[in-house]
Each structure stands twice: as C-alpha cells, then as structure tokens.
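Biologist: Before we look at any single residue, could you take me through the terms you use for this model, and show me how each one is earned?

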Amino acid sequence: MSSNVITVPVGQTDARPWVDELHQWLTTVDHKRLGILYILSSLLFLAVGGVEALIIRIQLMHSHNNFVSPEVFNRMFTMHGTTMIFFVAMPVLFGFANYLVPLMIGARDMAFPRLNAFSFWLSFLGGLLLYFSFLGGSGLYGAGSAPDVGWWSYAPLGARAFSPGHSSDYWTLALLVSGFGSIGTAINIIATILCLRCPGMKISRMPLLVWMNLVMAGMVLLAITPLSAAQIMLLIDRYLGGHFFDTQAGGSAVLWMHFFWIFGHPEVYVLIIPCFAFMSEIIPVFSRKPIFGYPVMVAATVCIAFVSMSVWAHHMFTIGMNSYANSFFTLTTMAVGVPTGIKIFNWIGTMWGGRIQFKIPMLFSIGFLFQFLIAGLTGIMMACSPFDWQLSLSYFVVAHFHYVIVGGILFALFAAFYYWYPKMTGRMLSERLGKWHFWLFLIGFHLTFDVMHIPGILGMPRRIYTYEPGRGWDTLNLIITIGAFIQAIAILVFVANLIVSYFKGVRAGSDPWDAWTLEWSTSSPPPAYNFATVPTVASRRPLWDEKHLEDPDSQYE
Amino acid sequence: MDGGREPAQVYGSMQIELAWTIIPTLIVVVLFLATARVIHAIQDAPEPAGALDVIAIGHQYWWEFRYPKLGIVTANELHIPVSVSGHPTPTFLQLLSVDTDHSFWVPQLAGKTDLIPNHPNRMWMDPQRTGVFLGQCAQYCGTQHAKMLLRVSVDGPEDFASWVHVQQKLAVEDAGAIAGRRVFERNACMNCHAVGGTPANGRFGPDLTHLMSRATIAAGAAENNHDNLRLWIQKPSAIKPGSLMPAMKLSDADLNAVVSYMETLR
C-alpha cells in the first residue's frame with residue numbers, strides 16, 4: 001500500500017445557512033450522508049417503538065391492569081414489532097452498510113448513488129405511512145386506528161372480514177414500500193462490492209464486514225421478494241376479490257404462514273449477519289490480533305445464509321405439519337447452530353492471547369457474545385419441535401427472540417455506534433456516559449429478558465393484554481417491567497451521549513482506535529470523495545501493513 | 001503505534017477449526033435423532049380403542065367442544081376421563097376453527113396445536129391425574145385473545161360418567177322460569193345460543209343447555225354466578241370488551257327473568 005493514500009483534506013467550508021444545509025441533506029446522494037440519514041431515521045423510530053414497548057410493559061405490570069384497552073394494547077404490540085424490525089433494525093444496519101462498505105473497499109461512493117437515495121426515502125416514507133394509520137386508519141372519518149393484527153398478520157385475521165377499515169392496509173403498503181427500498185439497497189450493496197473494490201482488494205482480502213454485508217444483501221433479495229409478493233396477494237384478496245388467503249372462500253391460511261416465514265426467518269439473519277460483521281471488525285481491533293480463521297468465518301457466514309433459507313417452518317411447529325416435516329425443520333434449525341457456533345469460537349479465538357482493551361465498543365461486544373450464545377441455546381431448545389409445542393407462542397419465545405434482537409443485535413449496534421461514531425462525526429463518544437449506558441442497559445436487559453423466560457414456561461401466552469391473578473405471573477411481570485424502564489433510562493443516556501459528544505466530544509483524529517481497515521486512513525469525518533487518491537491494498541489489514549513495515553500481513557497471505 | 005507491544009499475531013488454525021466444526025456436528029446429529037424419535041412417538045401414535053373423541057372448535061373468543069360419540073355439545077370447559085394404568089383412555093381432539101387462527105394450549109396436559117380454518121388438526125392428551133387444568137388460546141385471534149380461557153377438568157371414571165349422563169339430557173323444564181324462557185326466545189338470544197329441547201338452536205355462541213354445570217362464563221373471564229350472569233347479559237363489555245356478545249339492553253324485569261331462566265339450566 002502506497003503512503004500517498006492517507007491524504008487528509010484540508011478542513012472546509014464556512015457556515016452555510018441552515019436552509020441550504022437542510023437542502024443538502026434532503027437531496028444528497030452521498031453514501032455517508034445517506035448512511036447517517038438511515039441511522040437517524042432508525043433512532044427516531046427506535047424512540048417510538050420503545051415507547052410502545054413501555055406501554056405494553058406498563059399494561060402487563062400486574063394482572064387485570066386497565067392502563068390501556070385491549071384494542072390499544074393490540075395496536076401497540078403490532079406497531080412495536082413492525083416498527084422495530086422494518087423501521088429500526090433494517091434501516092440502521094443498512095445505514096452502517098452504506099456508510100462503511102464503500103470506505104472499507106476504498107471506493108468513492110456506492111455503485112448507484114441515486115438508487116441509494118431513492119431506497120432510503122422509500123424506506124423512511126414507508127415508516128411514515130405506517131404511522132399515518134393512527135390518523136387515517138379508518139379512512140379519515142372517525143378516529144384513526146393503527147393496525148392491530150400482529151406483526152405477522154396471520155390469515156385470515158388480516159382479511160377484510162376480520163380486519164375492516166384501512167388500518168391493516170397501511171401495514172401492507174408500508175411493508176411493500178419499504179420492501180422495495182430494501183431490495184434497492186441490497187442490489188446497490190452487491191453491485192458496489194462486486195464492482196468498486198480498490199486495486200489489490202481481492203474478494204479474499206475484503207474486510208469481514210464487507211463480506212458479511214455482501215451475504216446479507218443476497219439474503220435480502222431472497223427474503224424480501226416473497227414478503228412483497230405476499231403483500232400484493234393480500235391486497236388482491238382485500239380489494240380485487242382474490243382468495244389466496246381467504247379461508248371462507250377456500251383460501252389457505254397456511255399458505256400465508258409459509259410466505260411470511262420464508263421471509264421472516266431469513267430476515268433474522270439479515271439482521272444478525274451485519275452484527276456478526278461489526279463483531280468481526282471490533283473484536284480484533286480491541287484484542288490487538290487479526291480475526292481468527294478468516295476463511296472459516298467467510299465460509300460459516302455463507303453456510304448460515306444457505307441453511308437459514310431452509311428453516312422457516314420452525315415458526316410453524318404448532319400448525320399441525322406431519323412428523324416428517326417437523327423432523328426436517330428440526331434438523332435444519334439445529335444445523336444452523338454449527339456455523340454459528342464456529343463464529344463464536346472464532347471470536348473467542350481472536351480474543352485468546354490478545355491484549356484486550358476494555359473500551360466501550362469492546363464491552364458491548366463481550367455482552368453480545370455472552371447473550372448471543374444464550375439466545376442460540378434457547379434457539380436449539382425450541383428447534384426440538386416437542387419442546388416448541390410447549391414454548392412456542394409463549395413468553396419464552398418472546399424472551400428468546402428479544403435475547404437475539406436486543407441482547408445480540410442491539411448490543412452489537414451499540415458497539416458499532418461507539419466504534420464508528422468518531423469516524424462519522426470526528427469526535428469521540430464520552431467514555432463516562434458510555435459506561436453508564438453499558439451497565440444500565442446490561443442490568444435492565446437481564447432483568448427484563450432473563451426473567452421473561454419463566455412466565456413462558458409457566459404457561460403465559462404472548463400477545464395477551466391482561467392475565468388472570470393467581471397464575472404466579474404477577475411478580476415476574478413486575479420485574480420485567482422494571483427492567484424495561486432501566487433499559488429506557490440507558491437509552492436516554494446513550495442519546496444524551498450522542499448529542500453532547502457531537503458538540504463537546506474529544507477530537508478523534510483519523511484513527512482513534514489504532515485500527516487496520518481503510519476507513520481509518522481518511523479523515524474523520526471523511527471528505528465527500530472519501531479518499532484523495534484511491535488506495536491500493538496488499539492484504540486484509542492495509543493499515544497494519546503500513547504501521548508495521550517490518551512485519552506486514554501481506555507476507556502471510 | 002506501539003508495534004513492540006502488540007501480542008503475537010495468530011491468523012487461525014485448521015485443526016482447531018475442524019475440531020469445533022466436527023464435534024458440534026456430532027452433537028447435532030445425536031440431538032436430532034433423539035428429537036425425531038419423540039416427534040414420531042407423539043405425532044404418529046395410533047388411537048387406542050378406549051380413546052375418547054372430542055371435536056374442539058375455535059370461535060372468536062370461546063371454545064366449542066363436541067363429543068360426537070356421546071352426543072354432547074358444551075363450551076369452554078372440557079371434561080375428559082383420567083387414564084388409569086392398564087386401561088388407557090386418552091382423549092383425541094380434532095381441532096377446527098370457524099373464524100381466525102387459535103391455538104389449544106393446556107400446558108400441564110400437552111403441547112399446543114393450532115386451530116386453523118380450512119385446515120383440520122389433531123392432537124391427543126393422556127392425563128394421569130385428576131383435577132382442573134387451566135389453559136388458554138395461544139395464537140393471537142383478535143381483540144379478546146387474552147380472555148379466551150380454557151379449563152380442562154380431568155375426572156375419575158365415575159365422575160366422568162355422571163357428567164356425561166347429565167350433559168346428554170335435554171334442558172330442564174322449569175315452570176317457574178317460563179317468563180325468562182319467553183324473553184330468551186323473543187329476543188335475539190336464540191339466534192346465537194342453543195338450549196337442547198327448545199326451539200333455540202343458534203350456533204354462533206356457546207350452547208347453554210347445561211350452562212349452570214359450568215364454573216365460569218365468558219370463556220373463563222368471570223365466575224358463573226347470579227351477578228356476573230346479569231352483568232354479562234346487560235353489558236358484556238364490562239367483563240370482556242370486544243367480545244362478540246352484544247349488550248341486550250333488556251328492561252330490569254326481562255333481565256331478571258332471563259337470568260332466572262339461565263339459572264335453571266343445570
């Protein structure tokens with residue numbers, strides 16, 4: 001790698017009027033700005049989805065509570081799930097991918113910058129469309145109402161007979177619109193990675209983050225398309241007299257389940273694989289060692305992607321499939337555990353013998369490893385369909401997937417925020433607030449989701465707005481609610497940290513973590529063109545080579 | 001840059017990778033074989049001769065139970081016989097739904113199985129001890145999913161036989177409740193509810209022939225007593241907002257009469 005790569009452009013620009021600035025942001029096609037827009041929009045929806053979660057938790061604090069009506073409660077869990085999956089988790093991960101992938105492969109932008117902007121606005125406006133249902137759900141006469149059919153809107157509950165008015169149409173259209181956005185982004189990520197790598201960046205030299213986002217984008221194409229198809233079929237059912245899912249006219253409720261979960265399960269991996277990507281960048285840097293078993297990590301990622309396409313019906317063990325189908329999906333689901341386990345072993349192998357620096361990104365990464373392991377183990381439990389017949393649709397499942405999504409995905413995201421915030425803003429996030437954030441969130445998380453397994457085992461189903469006293473669920477639910485509030489406080493600390501550090505944080509410089517990938521070779525924040533000279537790389541860790549001329553990685557590859 | 005203090009740079013090890021690939025794979029194979037055996041044993045179990053057949057039908061937000069061989073129709077509270085050793089009497093349920101998806105779940109008796117319209121399912125239970133076991137609908141089915149509760153009473157052989165004997169009878173004719181019966185049959189009540197041996201044969205709501213033999217009303221949402229019955233008929237949303245039972249808006253006299261009639265349906 002030549003040394004002229006790291007040209008720090010001279011600091012720029014006088015202050016522009018804020019209208020100009022806003023106009024620039026709204027019309028931008030810069031992958032970094034779009035990445036930040038994705039992240040900001042998902043933080044907005046995170047706040048909304050979080051408030052919905054708190055309403056759910058207050059209502060369930062004790063038996064026969066009357067904080068909200070059953071109708072409102074049902075809307076809350078529907079909107080919470082839909083928001084968190086489609087308008088928080090996916091956009092924030094797309095945001096990081098947008099921001100990081102071109103920088104990490106030494107490109108000046110994504111392959112299709114305009115498509116990139118189009119995809120972002122589709123996704124964001126899809127979210128607004130979903131929330132417009134609060135006003136327009138009943139067609140603008142009378143009070144509006146958000147959809148209340150659950151985030152998977154099982155047929156025939158989503159049919160017109162059981163879901164009159166327009167509230168569930170907003171759900172359908174929002175998912176359809178944002179789904180097109182996701183497909184656009186996936187195409188863009190794939191094209192960028194395949195076509196825009198800098199000289200020397202062979203596919204076997206790409207940072208693991210890039211590899212994993214390539215796999216994620218491929219999965220988005222395979223997973224979102226059946227969901228979009230199903231939404232169109234549902235619209236045909238509702239408005240053009242179709243009978244795909246209309247059981248009263250011979251349609252099939254089970255068909256909807258298949259369509260939904262052939263999207264829904266790969267979706268989990270669409271969300272977790274970019275988090276694996278964060279771990280695979282952050283853990284090596286804070287262990288001061290290269291990733292253990294790079295080729296095996298790539299192989300395991302591709303393997304997870306393939307196997308995860310054949311596990312969807314483990315969401316349907318209770319629908320009365322025959323014993324062969326149940327056995328098949330038990331096997332495939334358990335099999336995912338093998339490549340996933342390989343990843344966890346490799347991350348531990350990376351830390352092993354390293355000089356671990358317990359900075360905030362590393363704290364969240366260690367939290368991720370621990371919690372993701374437990375989430376995986378409860379996943380194996382439920383892969384056994386006889387176990388699942390008991391635990392499915394109960395609070396045990398809710399605890400399990402929140403362990404994945406909060407304990408895994410959200411912890412990895414927090415690690416990514418603390419790690420790349422300096423690159424995006426030029427300032428470090430406060431370590432002190434970061435420690436408060438980490439410990440509060442960790443305690444809140446475990447209070448809520450460790451305890452939540454137990455009412456599930458005791459027989460408490462999910463999606464109930466209240467429960468009878470005397471079932472032994474009251475105290476547990478109270479503890480869960482308290483934990484949820486501690487998490488909310490931690491999130492407030494995090495947001496405060498984001499805002500305060502933006503103005504008052506320590507200047508980061510281009511490479512605050514002494515890291516090894518190309519994004520740290522340019523200034524923080526990077527200029528619009530990313531690199532003054534397109535870099536040339538000779539190994540997987542170009543900046544390591546540069547900092548260790550006597551012992552470059554390139555001699556081992 | 002403190003190159004001197006960086007730890008040894010280790011890039012990986014094929015032997016170790018192979019070890020932590022092969023060992024978990026073997027564990028998965030063993031786990032799978034053990035699980036597949038249990039799946040087969042549960043799902044493909046033949047129905048023995050002494051088994052009881054019940055058809056469970058999910059409605060928004062209550063359960064209908066039919067015993068085709070015994071000619072019994074009841075709601076929300078399932079009675080089944082206990083299995084005694086040497087003479088197993090498991091209950092085989094056929095699961096149907098008339099509207100949305102539901103799921104039959106009594107955690108202490110069996111795993112759950114969904115009730116899906118146009119998609120009949122089957123499950124069985126083989127309880128080994130008597131008692132009342134609580135469960136509820138586990139698949140989100142609409143506004144009142146939470147109060148679609150379920151009670152299974154596992155009875156000893158004599159208790160079960162006498163319960164069957166009572167349920168097979170037609171409704172008790174009680175001359176004292178004739179006024180209430182008229183109210184019931186002149187209003188919309190009989191469009192949705194059936195009372196055996198009378199013209200009321202509605203199927204949309206629970207069968208009321210032996211209403212007073214049940215401990216609860218409104219699918220377990222309230223205890224079956226005079227006050228709750230009265231409240232339920234007058235203002236169902238006070239007990240179960242979103243229930244499909246309409247508020248009957250009866251006069252006080254009619255309400256009292258119809259409640260007295262209900263109380264004769266033993």
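Modeller: Let us begin with the words for accessibility: a residue is called buried when its relative accessible area is under 20%, exposed when that area is over 50%, and partly exposed in between. Please keep in mind throughout that this is a predicted model.

Biologist: Why is R355(A) called partly exposed?

Modeller: R355(A) has a relative accessibility of 26%, and since partly exposed covers what lies between 20% and 50%, R355(A) counts as partly exposed.

Biologist: And how do you know whether E6(B) is buried or exposed?

Modeller: The relative accessible area of E6(B) is 11%, and the cut-off for buried is under 20%, so E6(B) is buried.

Biologist: What makes the pair of E6(B) and R355(A) a salt bridge?

Modeller: The rule asks for a side-chain nitrogen of Lys or Arg within 4 Å of a carboxyl oxygen of Asp or Glu, and here the N to O distance is 3.9 Å, so the pair meets the rule. E6(B) sits in the segment before α1 (14–43) of chain B, while R355(A) sits in the loop between α9 and α10 (360–383) of chain A, and therefore the pair joins two chains.

Biologist: Which residue of chain A also meets the side chain of E6(B) in a salt bridge?

Modeller: That residue is R288(A), with 2.8 Å from N to O. The count of salt bridges between chain A and chain B is 2.

Biologist: What makes R288(A) and D514(A) a salt bridge that ties together separate parts of the sequence?

Modeller: The closest N and O atoms of R288(A) and D514(A) are 3.0 Å apart, which satisfies the limit of 4 Å. R288(A) lies in the loop between α7 and α8 of chain A, and D514(A) in the loop between α14 (474–504) and α15, so the pair ties together parts that are 226 residues apart in sequence. Both R288(A) and D514(A) are buried, and for D514(A) the relative accessibility is 18%.

Biologist: What is special about phi of D514(A)?

Modeller: Phi of D514(A) is near 55°, which is a positive value in a residue other than glycine. A219(B) also has phi near 55°, and it lies in the loop between β11 (216–217) and β12 (222–223) of chain B. With a relative accessible area of 2%, set against the cut-off of under 20%, A219(B) is buried.

Biologist: Why are D511(A) and K547(A) put in different accessibility classes?

Modeller: D511(A) has a relative accessible area of 21%, so it is partly exposed, whereas K547(A), at 15%, counts as buried; the cut-off of 20% falls between these two values. The two residues form a salt bridge, their closest N and O atoms being 2.6 Å apart. D511(A) is in the loop between α14 and α15 of chain A and K547(A) is in helix α15, so this pair ties together parts that are 36 residues apart in sequence.

Biologist: Which residues are linked in a network of salt bridges?

Modeller: The network links R288(A), R355(A), D511(A), D514(A), K547(A) and E6(B). Over all chains, the rule gives a count of 15 salt bridges.

Biologist: How many residues of each chain take part in the contact between them?

Modeller: The contact takes 78 residues from chain A and 63 residues from chain B. The area buried between the two chains is about 5,600 Å², and carbon and sulfur atoms give 62% of it. In chain A, F292(A), W389(A) and Q390(A) lose the most area to chain B, together 11% of what that side buries.

Biologist: What makes the largest nonpolar core a core, and which residues have the most contacts inside it?

Modeller: A core is a set of buried nonpolar residues joined through side-chain atoms within 4.5 Å, and the largest one has 179 residues. Those with the most contacts inside it include F96(A), W347(A) and W420(A). Leaving aside residues up to four places away in sequence, W347(A) touches residues including F276(A), M279(A) and F368(A).

Biologist: Finally, is K235(B) buried, exposed or in between?

Modeller: K235(B) has a relative accessible area of 47%, which lies under the 50% needed for exposed, so it is partly exposed. The place of K235(B) is in the loop between α5 (226–234) and α6 (252–262) of chain B.

Note on methods: Residues numbered from 1 in each chain as written. Chains lettered and ligands numbered in written order. Predicted model: local features only at pLDDT ≥ 70, side-chain atom pairs only at ≥ 80, totals over all residues. Heavy atoms only, no water. Buried < 20%, exposed > 50% of the residue type's maximum accessible area, 1.4 Å probe, protein only. Contact = heavy atoms within 4.5 Å. Buried area = accessible area lost by both parts, 1.4 Å probe. Helix = DSSP H or I, 4+ residues; strand = E, 2+ residues; numbered from the N terminus.
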